[in-house]
Amino acid sequence: MKRTISFIAAVVFFLSFALTCGAIDIFTKSVTQWDSPALIAPNIPDGEGAVAALYKGDDIVRLIAFDELSIISYTERNKADPNVQAALVNAFNGILDADSLDGVIIGLGDAREDVKADEYIAKKMFELVLAEEPFNMLMGDEEIYLKMTFNTKYRSKDDVPTIAYNCDGTQWKVLDPSNITFNAADGSITVRFYELCTFLFLIPDDGSLFVTDPDVTSPGTMEVADSFKVGTIIAVTAAVVLAGGAAFVLTSKKRSA
């Protein structure tokens, strides 16, 4: 009987450990842990070496070379220019201190018909930085925009994030969805930017999106994740299964006696 109970215990707790390790995948990391999104080079004539382009209407006015564009995530802020670092920290703290994203992002409730304003969670935060010449071109003409394609690999249009931006250090706004195009062939998204500043990718919170670090508060959920929540549930379940297994063994033993 002791050997049987020991075997049951070993199997149950092995499964508990395995599930706890695998459970990390159900958590969504906060913006403090995501790297900056990768880009796909534009497929345009004479565009070799370009990572993006400035457009006016449908016409390209300037190609953007690899060394002329930087995407700096909140995670990478300490490597950035002090001004960029300050902008990212200020934007992050502004969201962190808010009661909900609805209170700090104008138009969030109207971004998607199927998602309410208080149902979003912040996923990626980054700063777009252009070299001086293309930056001056972009900011000097309201009709010029920066167009780039993010290598996101989304499965469907429903996965495409809502994008918010903060260019004055205080007020967040929602990027017009008409400026975001989902490319079904590869799951990427192509975005038009008329301003360059701090950007935020927002996705619906389905109730299981928390940070993995219990010491980090997640913007969007405004909650500190309990890293041991899943492990605790599994451990309790394991204890119940173990107790049930032991009871079954004991009962069977009594019946055979």
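Biologist: What makes Lys147 count as lying over the face of Tyr55?

Modeller: In this predicted model, Lys147 is 4.9 Å from the ring centre of Tyr55. The cut-off is 6 Å, with NZ also within 35 degrees of the ring normal, so the distance of 4.9 Å qualifies and Lys147 is placed over the face of Tyr55.

Biologist: How do you know that the charged end of Arg192 sits over the ring of Tyr145?

Modeller: The distance to the centre of the Tyr145 ring is 5.4 Å. That is within 6 Å, so the distance part of the test is met for Arg192. The two tyrosines are also related through strand pairing: Tyr55 stands opposite Tyr145 in S7.

Biologist: Why are S2 and S7 called paired?

Modeller: Four bridges join S2 to S7, and the two run antiparallel. Pairing needs at least two bridges, so four are enough.

Biologist: What makes S1 and S7 a pair?

Modeller: S1, residues 39-40, has two bridges to S7 in the antiparallel sense. The requirement is at least two, so S1 and S7 pair. Within S7, the residue opposite Leu39 is Phe150.

Biologist: How many bridges join S7 to S11?

Modeller: There are five, and these strands run antiparallel as well. Leu146 has Phe193 as its bridge partner in S11.

Biologist: Why is Phe150 with Phe193 called edge-to-face?

Modeller: The centres of Phe150 and Phe193 are 6.3 Å apart and their planes make 85°. Pairing asks for centres within 6.5 Å and edge-to-face for planes over 60 degrees, so both conditions hold for Phe150 and Phe193. Phe150 lies in S7 (residues 144-150) and Phe193 in S11 (residues 188-193), so the pair ties together parts that are 43 residues apart in sequence.

Biologist: What makes Phe193 with Phe199 edge-to-face?

Modeller: Phe193 and Phe199 have centres 4.6 Å apart and planes at 70°. Since 70° is over 60, that pair is edge-to-face too. Ring pairs link Phe126, Phe150, Tyr165, Phe193, Phe199 and Phe201 into a cluster. The structure holds 10 aromatic pairs.

Biologist: Are Phe150, Phe193 and Phe199 buried or exposed, and how do you know?

Modeller: The relative accessible area is 0% for Phe150, 1% for Phe193 and 2% for Phe199. Buried means under 20%, so Phe150, Phe193 and Phe199 are buried.

Biologist: Why is S7 described as largely enclosed?

Modeller: Six of its seven residues are buried, so the rest of the structure largely encloses S7. S7 also gives four residues to the largest nonpolar core, the largest share.

Biologist: Which residues have the most contacts inside the largest nonpolar core?

Modeller: They are Leu69, Leu128, Leu146, Phe150 and Phe193, in a core of 27 residues. Leu69, leaving out residues up to four places away in sequence, touches several others, including Leu39, Leu128, Leu146 and Met148. A second, separate core has 24 residues, among them Val84, Ile95, Ala98 and Met125.

Biologist: What makes Gly49 exposed?

Modeller: Gly49 has a relative accessible area of 52%. Exposed means over 50%, so Gly49 qualifies. Gly49 lies in the loop between S1 and S2.

Biologist: Which residues does Gly49 touch, beyond those up to four places away in sequence?

Modeller: Gly49 touches Ile64, Ala65 and Phe66. The C-alpha atoms of Gly49 and Phe66 are separated by 6.7 Å, although the two are 17 residues apart along the chain. The contact cut-off is 4.5 Å between heavy atoms, so a C-alpha separation of 6.7 Å does not rule the contact out.

How values were computed:
Residues are numbered from 1 along each chain as its sequence is written. This is a predicted model: local features need pLDDT of at least 70, side-chain atom pairs count only at pLDDT 80 or more; totals for chains, interfaces and linings use all residues. Side-chain values use heavy atoms; hydrogens and water are left out. Rings of Phe, Tyr and Trp (its six-membered ring) pair if their centres lie within 6.5 Å; planes under 30 degrees apart count as stacked, over 60 as edge-to-face and the rest as tilted. Buried means under 20% relative accessible area, exposed over 50%, partly exposed in between (1.4 Å probe, protein chains only). A nonpolar core is a set of buried Ala, Val, Leu, Ile, Met, Phe, Trp, Tyr and Cys residues joined through side-chain atoms within 4.5 Å.
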